[in-house]
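Biologist: Could you take me on a close look at one part of this model? I would like to understand the surroundings of the second ligand, and then hear a little about the strands elsewhere in the chain.

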Amino acid sequence: MSAGTLNISEIFHSIQGESSFAGWPCAFIRLAGCGHGCIGCDTAYAEHDGIKLGIEVVVQRALAFRAPLIEVTGGEPLLQPAVYSLMRQLCDLEQKVLLETGGFLSVAEVDCRVHKIIDLKPPSSGVCDQNNPENIELALAAVLPHRQNFEFKIVVASREDYEWARALLQEHGLMDSFTIMMGVSFGKLDPAELAEWMLRDRLRARMQLQLHKYIWDPCRRGV
Ligand SMILES: C[S@@+](CC[C@H](N)C(=O)[O-])C[C@H]1O[C@@H](n2cnc3c(N)ncnc32)[C@H](O)[C@@H]1O
Ligand SMILES: Nc1nc2[nH]cc(C(=O)O)c2c(=O)[nH]1
Ligand code: SF4
Ligand SMILES: [Mg+2]
């Protein structure tokens, strides 16, 4: 693909279902392709090739929704070199840009204005050993105001995952400095269980449910 082209799975307008921005109307740019292979990924369809679009077309289609947020997600967006220019151009156009990334690639080259929502994959994902430690280092080294553009998300499917997450968060002191979102792997863990674990431990983290899966059919694409 040429430097200014992106492989796009879908561009859609929905209610932001995840992260500390949940509930806001949001334009989504879902890039195609990943290959990371998380067990339980709910977006396997994005693995397959999408349509090739120039950055300027992607920008115009996203802006056309006139939403307060634009989220770049996937698949794994950071696998495509042109995504960095896309996010920079959206920021230059005064857009509030969110990035959803799987945590295995460094966010070092992402524009500091982008709000980075970085997954920390737990043992049940099967890719726990591929979490990139540089992303925690970058977050801890960041100074205000850019430090507030780091957010971490952990999607748990078991008590083992939860205890792994609690230990990791405590080891790096992440709960003292960053928004930590914790959610359940959809249908695999009762949200009430996670809630009770978090309350009992007085975990300084925020629980999320994937709002869009309660508004629409949980398997529906484009929402
Ligand atoms: C589909 S991924 C795409 C962006 C990026 N590849 C990543 O993993 O963050 C977006 C978010 O959906 C979450 N997710 C994927 N499958 C899920 C599931 N079955 N239940 C709950 N969240 C899920 C991921 O953990 C991630 O936070
Ligand atoms: N409504 C809605 N909100 C989302 N937040 C993150 C999503 C994702 O798939 O990255 C997502 C999604 O797929 N839909
Ligand atoms: S990194 Fe994200 S898109 Fe890729 S398999 Fe994992 S959850 Fe799915
Ligand atoms: Mg999704």
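Modeller: Happy to: what follows goes through the ligand's surroundings, then one of the residues there, then a set of paired strands. Please keep in mind that this is a predicted model.

Let us start with the residues around the ligand. Ligand 2 is surrounded by S14, I15, Q16, G17, E18, F28, R30, E71, T73, E100, H212 and V223. Sorted by class, this shell has 3 nonpolar, 5 polar and 4 charged residues. Some of these residues place polar atoms within a few ångströms of ligand atoms, and three pairs are worth finding on your screen. At T73, a polar atom of the side chain is 2.6 Å from an oxygen atom of ligand 2. H212 also uses its side chain, where an N or O atom lies 3.4 Å from a nitrogen atom of the ligand. V223 takes part through its backbone instead: an N or O atom there is 2.9 Å from a nitrogen atom of ligand 2. On its own, ligand 2 has 330 Å² of accessible area, and the protein covers 92% of that. If you colour the model by element, look for β1 (5-15), β2 (25-31) and β4 (69-73), the elements that each give two or more residues to the shell around ligand 2.

Now pick out R30, one of the shell residues, which sits in strand β2. Is R30 buried or exposed? It counts as buried, because its relative accessibility is 10%, and the cut-off for buried is under 20%. The side chain of R30 has partners within the protein too. One is Y45, whose side chain makes a polar contact of 3.3 Å with that of R30. Another is G74: its backbone oxygen lies 2.8 Å from a polar atom of the R30 side chain.

Finally, the strands. Strand β8 (residues 179-184) is mostly covered, with 5 of its 6 residues buried. β8 pairs with strand β7 (residues 150-156), to which it runs parallel, through 6 bridges. To see this pairing, find I154 and its bridge partner in β8, M182. β8 also pairs with strand β9 (residues 206-208), again in the parallel sense, over 3 bridges. Here M181 stands opposite R206 of β9. Between β8 and β9 the chain passes through helix α6 (residues 191-201), and this β-α-β crossover is right-handed. As you turn the view along these strands, it helps to remember that side chains in a regular strand alternate between the two faces of the sheet.

How values were computed
Residues are numbered from 1 along each chain as its sequence is written. Chains are lettered from A and ligands numbered from 1 in the order in which they are written. This is a predicted model: local features need pLDDT of at least 70, side-chain atom pairs count only at pLDDT 80 or more; totals for chains, interfaces and linings use all residues. Side-chain values use heavy atoms; hydrogens and water are left out. A residue is near a molecule or strand if one of its heavy atoms lies within 4 Å of it. A polar contact is a pair of N or O atoms within 3.5 Å; within protein, one must be able to donate a hydrogen and the other to accept it, and residues adjacent in sequence count only if both atoms are side-chain atoms. Accessible areas come from the Shrake-Rupley method with a 1.4 Å probe; for residues, only the protein chains shown count as cover. Helices (H or I, at least four residues) and strands (E, at least two) are DSSP runs, numbered from the N terminus. Ala, Val, Leu, Ile, Met, Phe, Trp, Tyr, Cys and Pro count as nonpolar, Asp, Glu, Lys and Arg as charged, and the others, Gly among them, as polar. Buried means under 20% relative accessible area, exposed over 50%, partly exposed in between (1.4 Å probe, protein chains only). Two strands pair if DSSP finds at least two bridges between them. A crossover is right-handed if, with the strands pointing away from the viewer, the path from the first strand over the helix to the second runs clockwise.
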